[in-house]
Amino acid sequence: MSPRTDAELTTGSHAPAALAMLLAVLFVLAVPWLFIRFSERRAAPAIAPTADARAGERVYQRNCIACHEARGEGRPGKYPPLVGASWLLDDKETPIRIALLGVSGPMDVGGRRYDNLMPNFGVNLTDEALASVLTYARASWGNAGSPITPDDVAKVRASLAGETAVWSGGAALLEAKKTTVLP
Ligand code: HEC
C-alpha cells in the first residue's frame with residue numbers, strides 16, 4: 001500500500017462515502033418505521049369495533065345510558081357503575097339474569113350500597129340485543145369480560161321458566177348464582 005492510495009481514500013472518496021453512509025443509515029431506520037406504520041394500519045380493522053360491538057353500543061345508548069352513563073360510570077348513590085362491577089363481570093349468568101328481569105332492592109356494587117330500581121329488559125329486547133349489549137358493557141371502558149352469545153341468553157331465559165318478578169336485590173341474585181345454567 002502506498003501513501004498515495006491512503007490519501008486518495010481519505011480525501012478523494014470521503015464525501016461520497018459519507019453520503020452513502022448517511023443514506024444507508026436512513027434506509028436502515030426507514031425499514032422498521034415503514035414496517036411499524038404498515039402493520040399498525042393493517043391491525044387497525046382488527047381492533048376497530050366489529051359490527052356486533054357497534055350493535056351492542058347502539059343497544060346500550062338506547063336502553064342503559066340514561067342510568068349507567070356514557071362510560072359505564074353510573075351516578076353516585078343512584079345508579080351503580082358498570083366499570084369493574086363484579087355483578088357484570090364475574091360470571092355470565094348474573095348479568096343476563098339482571099338484564100332479563102331487572103333488580104329492585106339493596107345490592108352492593110364496588111363497595112357501595114344501592115337500593116333503587118333497574119327495569120327489566122327481557123320483554124323488549126331479543127336474545128341477540130341482550131347478548132350484544134352485555135358483551136359491549138363487559139368489554140368497554142376498561143372492562144375485559146368474555147363475550148355473551150344469544151345462545152347464552154336463551155339458556156338463562158329458559159331457566160327462568162316464565163318468571164317475571166324483578167330480582168329483589170343482591171341477596172336474590174346471589175341465591176340464583178347457586179344454580180349454574182352455562183358451562
Ligand atoms: C332506569 C335506570 C336503569 C337503566 C335504564 C338500566 N339500569 Fe342497570 N341498574 C340500575 C340500578 C338502579 C341498578 C342497581 C339495582 C338496585 O339498586 O337494586 C342496576 C344494576 C345493574 C347491574 C348490576 C350492578 C352493576 O353495576 O354491575 C347491571 C349489570 C346492569 N344494571 C346492567 C344494565 C344494562 C345492561 C342496562 C341496559 C340494557 C341497564 N342496566 C339499564 C338502573 C338502570
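Helix 6 (93–101) is followed by Gly102, whose phi is positive, near 80 degrees. Helices here are DSSP runs of H or I with at least four residues, strands are runs of E with at least two, and both are numbered from the N terminus. The model is a predicted one, in which local features need pLDDT of at least 70, side-chain atom pairs count only at pLDDT 80 or more, and totals for chains, interfaces and linings use all residues. Residues are numbered from 1 along each chain as its sequence is written.

## Helix 6 and its surroundings

Eight of the nine residues of helix 6 are buried, so this helix is largely enclosed by the rest of the structure. A residue is called buried if 20 or more other C-beta atoms lie within 10 Å of its own, exposed if 12 or fewer do, and partly exposed in between, with C-beta atoms placed from the backbone. The buried set consists of Glu93, Pro95, Ile96, Arg97, Ile98, Ala99, Leu100 and Leu101. These residues pack against helix 5, strand 1, strand 2, helix 7, helix 8 and helix 9 (169–176). Contact means that the C-beta atoms of two residues, placed from the backbone, lie within 7 Å.

## Two crossings with helix 8

Helix 8 covers residues 150–159, and its axis comes within 10 Å of that of helix 6, the two crossing at roughly 65 degrees. That angle makes helix 6 roughly perpendicular to helix 8. Axes are lines fitted to C-alpha atoms, for helices over the stretch in contact, and angles between N-to-C directions run from 0 to 180 degrees. Angles under 35 degrees count as roughly parallel, over 145 as roughly antiparallel, 65 to 115 as roughly perpendicular, and the rest as oblique.

Helix 6 passes helix 8 in a right-handed crossing. A crossing is right-handed if the near helix is turned clockwise from the far one by less than a right angle, and left-handed if anticlockwise. Helix 6 contributes Glu93, Ile96, Arg97 and Leu100 to the contact, and helix 8 contributes Asp152, Val153, Val156 and Arg157. By class, this contact has four nonpolar, no polar and four charged residues. Nonpolar covers Ala, Val, Leu, Ile, Met, Phe, Trp, Tyr, Cys and Pro, charged covers Asp, Glu, Lys and Arg, and the others, Gly among them, are polar.

The axes of helix 7 and helix 8 come within 8 Å and cross at roughly 115 degrees. Helix 7 is therefore roughly perpendicular to helix 8. Helix 7 also passes helix 8 in a right-handed crossing. On the helix 7 side the residues are Asp127, Glu128, Leu130 and Ala131, and they meet Pro150, Asp152, Val153, Ala154 and Arg157 of helix 8. This contact divides into five nonpolar, no polar and four charged residues.

## Loop residues

Several loop residues are described by their C-beta neighbours within 10 Å.

| Residue | Loop | C-beta neighbours within 10 Å | Class |
|---|---|---|---|
| Glu69 | helix 4 to helix 5 | 16 | partly exposed |
| Pro81 | helix 4 to helix 5 | 20 | buried |
| Trp141 | helix 7 to helix 8 | 15 | partly exposed |
| Ser146 | helix 7 to helix 8 | 10 | exposed |

Most residues other than glycine have a negative phi. Glu69 is not a glycine, yet its phi is positive, about 70 degrees. Trp141, likewise not a glycine, has a positive phi of about 55 degrees.

The C-alpha atoms of Pro81 and His68 are separated by 6.2 Å, with the two residues 13 apart along the chain. Leaving out residues up to four places away in sequence, Pro81 touches Gly72, Glu73, Gly74, Val109 and Gly110. Ser146 and Lys92 are 54 residues apart along the chain, and their C-alpha atoms are separated by 8.3 Å.

## Ligand shell and the chain as a whole

There are 31 residues around the ligand, of which Cys64, Cys67, Pro80, Ala85 and Met118 come nearest. A residue belongs to this shell if its C-beta atom, placed from the backbone, lies within 6 Å of the ligand. Elements giving two or more residues to the shell are helix 4 (65–68), helix 5 (86–89), helix 6, strand 1 (103–109), strand 2 (112–118) and helix 7 (127–138). The shell has 24 nonpolar, six polar and one charged residues.

The protein chain has nine helices and two strands, in the order α-α-α-α-α-α-β-β-α-α-α from the N terminus. Of its 183 residues, 24% count as buried. Among contacts between residues at least 6 apart in sequence, 65% join residues at least 24 apart.
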